[in-house]
Amino acid sequence: MTKTLVWVEHDNVSVKDATLSAVTAASKLGEVHLLVAGKGVDGAAAEAAKIAGVGKVHVADDAAFEHALAENVAPLIVELLGSHDAFIAPATTHGKNIAPRVAALLDVAQISDILSVESEDTFTRPIYAGNAIATVRSKDAKKVITVRGTAFEKAAREGGSGVVEAVASTGDKGISSFVGAEIAKLERPELTSAKVIVSGGRALKDAETFEATIFPLADKIGAAVGASRAAVDAGYAPNDYQVGQTGKIVAPEVYIAVGISGAIQHLAGMKDSKTIIAINKDEDAPIFQVADIGIVGDLFKIVPELTEKL
Amino acid sequence: MKILVPVKRVIDYNVKPRVKADGTGVDLANVKMSMNPFDEIAVEEAIRLKEKGAATEIVAVSIGVAKAQETLRTALAMGADRAILVQTDDEVEPLGVAKILAKIVEEEGPGLVILGKQAIDDDSNQTGQMLAALLGWPQGTFASKVEVSGDTVDVTREVDGGLETVKLNTPAIITTDLRLNEPRYASLPNIMKAKSKPLATKTPADYGVDIAPRLETLKVGEPPKRSAGIKVADVDELVAKLKALGVAA
């Protein structure tokens, strides 16, 4: 049976949702082990051990792993893969940064952003901005995989009884260091795990209008706020709001696209949403081809009225 | 310092790809091809580093069919100094590309390799990281700012939730995110000049690298189609629909 090591995405004290989808993908292959790497990660390790279906939880607590620098964590993962058959990471920025480094060190190909596990060596993944789905079979003995979070159910956070085991540090390779971070303050649900998303596009005119139009609607319904690349590039919204091929991939219950035309790069990031609602004044906008519910009209009239009536 | 910039010829980002009816892939016959958008950003960044005096020479590399020459000429017209085409009709996976690039790095000895973060055809997002692994170099992926100072380079990275900055010892690998810069257009005189810049043609065999694919593509299909939606006439109707979806009380 396949023994899979899953990269745990965490903030030292708790496990992030992206991990839970990766655990579900791993469970389709066989035995699931976790890796919690970082500095001062007892909280995250304890949470990880409770995830349903988890066997061993490897904990690597060392300053070298504090910021998940790929140069330092990849050798650790390679060592652990001596006794595992596969490595799975959620397709977060950490996962995407680390997994290919691990794959190359093992001399195996990586299967990026999988949508499904067809068998122990066969997977589906989106290519061409999600305009095609490829079914690929890996010929490598060990598998290195990243998982699209929105494509897999989240494993339950409770009910597991994983065995926590400390692993020795592989040390700091001394070729890179963390300088600092600017983490955007989030007053709303996180984009990739939100049930409802309100997203704004270029039609919002400027940052003030974006905030004044989109935020009240989002807050009224407890939604996360997203943006198209056009809105981000124009400076209406910070870049971590971006939904699309090059931004975040989301699949909420309800996605409300406001003033977004629906370029293929944007659709790649949201077309798996359960219900898509489009508000746009151009009735020929491509967004209406994927929208379940559309309304043609001036967003500056519709959105405030909608906010008030909800 | 020399900078190596790998560039890939891909379907133009404005073209909607069509899946072939026989399920073998995406139809690329008579489709407009261009330089991968992230690679344009990589070329631009290399040129800016040269303009600032941080780089002395820019070598553009592409691995692919003979027509990838056009992509290299575009890089030369933007400001790259010379180009290397590793010509092959086989599809080369990121691991194979990284192995060839590692050999070229050994020959050329660049201080930085700047790649796009992902190609918009296979959407893998692997090559830069794999090259860094093979060389044992540090990696600054998803870069939105690059500052070279002495033997180190500070790279600001776009990460989930915001930005982070890492300091890398050079030589290093950088992969570009969209907001790193706005690539320049090649002017007509520069396009003319690019025709006489050196372009060496090689083959994967010249580098003695095994590029046999490790992944077998069994099928390429259309994504599930969404069923046709409805249009509502006014906000009241939209409110009713949203309430039915449980979005509001």
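**Entry 1. Helix α4 of chain B**

I began with helix α4(B), residues 127-135, and found Gly128(B), Gln129(B), Met130(B), Leu131(B), Ala132(B) and Ala133(B) buried. I took buried as under 20% relative accessible area, exposed as over 50% and partly exposed as in between, with a 1.4 Å probe and protein chains only. Helices (H or I, at least four residues) and strands (E, at least two) are DSSP runs, numbered from the N terminus.

I noted that the model is predicted: local features need pLDDT of at least 70 and side-chain atom pairs count only at pLDDT 80 or more, while totals for chains, interfaces and linings use all residues. Residues are numbered from 1 along each chain as its sequence is written, chains are lettered from A and ligands numbered from 1 in the order in which they are written, and side-chain values use heavy atoms, with hydrogens and water left out.

I then looked up what covers the buried residues of α4(B). From chain A the cover includes α4 (93-106) and β5 (110-114); from chain B it includes α3 (94-108), β6 (112-116), β7 (139-149) and β10 (172-176). After α4(B) comes Gly136(B), with a positive phi near 75°.

**Entry 2. Chain B as a whole**

I recorded 6 helices and 13 strands in chain B. The C-alpha trace of chain B spans about 65 × 45 × 40 Å along its principal axes. Of the 249 residues in chain B, 54% are buried. I counted a contact when heavy atoms lie within 4.5 Å. Among contacts in chain B between residues at least 6 apart in sequence, 70% join residues at least 24 apart.

**Entry 3. The interface of chain B and chain A**

I found 76 residues of chain B in contact with 83 residues of chain A. The area buried between the two chains is about 6,700 Å², and carbon and sulfur atoms give 56% of this area. Buried area here is the accessible area (1.4 Å probe) that two parts lose on being put together, summed over both.

The rule gives 7 salt bridges across this interface, a salt bridge being a side-chain nitrogen of Lys or Arg within 4 Å of a carboxyl oxygen of Asp or Glu. One that I looked up joins Arg214(B) to Asp140(A), at 2.8 Å from N to O. The rule also gives 44 residue pairs in polar contact across the interface, both residues at pLDDT 80 or more. A polar contact is a pair of N or O atoms within 3.5 Å; within protein, one must be able to donate a hydrogen and the other to accept it, and residues adjacent in sequence count only if both atoms are side-chain atoms.

Several elements of chain B each supply at least two residues to the side that touches chain A, among them α3, α4, β8 (152-159) and α6 (235-244). On that side β9(B) gives the most, with 8 residues.

I also noted that β11 (residues 176-183) of chain A and β9(B) run antiparallel, joined by 7 bridges; two strands pair if DSSP finds at least two bridges between them. Within this pairing, Phe178(A) stands opposite Val166(B).

**Entry 4. Salt bridges**

Over all chains I recorded 32 salt bridges. Asp177(B) meets Lys117(B), with the closest N and O atoms 3.3 Å apart. Asp177(B) lies in the loop between β10 and α5 (188-194) of chain B and Lys117(B) in the loop between β6 and α4 of chain B, so this pair ties together parts 60 residues apart in sequence. Both Asp177(B) and Lys117(B) are buried.

I next looked up Lys167(B) and Asp154(B), whose closest N and O atoms are 2.9 Å apart in a salt bridge. Lys167(B) is in strand β9 and Asp154(B) in strand β8 of chain B, so the pair ties together parts 13 residues apart in sequence. Lys167(B) counts as partly exposed at 30% relative accessibility, whereas Asp154(B), at 18%, counts as buried.

Arg157(B) forms a salt bridge with Glu164(B), the closest N and O atoms being 2.9 Å apart, and both residues are buried. I noted further that salt bridges with shared partners join Asp107(A), Asp140(A), Lys99(B) and Arg214(B) into one network.

**Entry 5. Two places in chain A**

I found 8 of the 9 residues of strand β2 (residues 30-38) of chain A buried. Strand β1 (residues 2-7) of chain A runs parallel to β2(A), with 6 bridges joining them; Thr4(A) has Val32(A) as its bridge partner.

Lastly, I looked up Thr170(A), in the loop between β10 (163-166) and β11 of chain A. Thr170(A) is buried, with a relative accessible area of 17%. A polar atom of its side chain lies 3.5 Å from the backbone nitrogen of Leu76(A). Leaving aside neighbours within four places in sequence, Thr170(A) is in contact with Phe65(A), Asn72(A), Pro75(A), Leu76(A) and Glu79(A).
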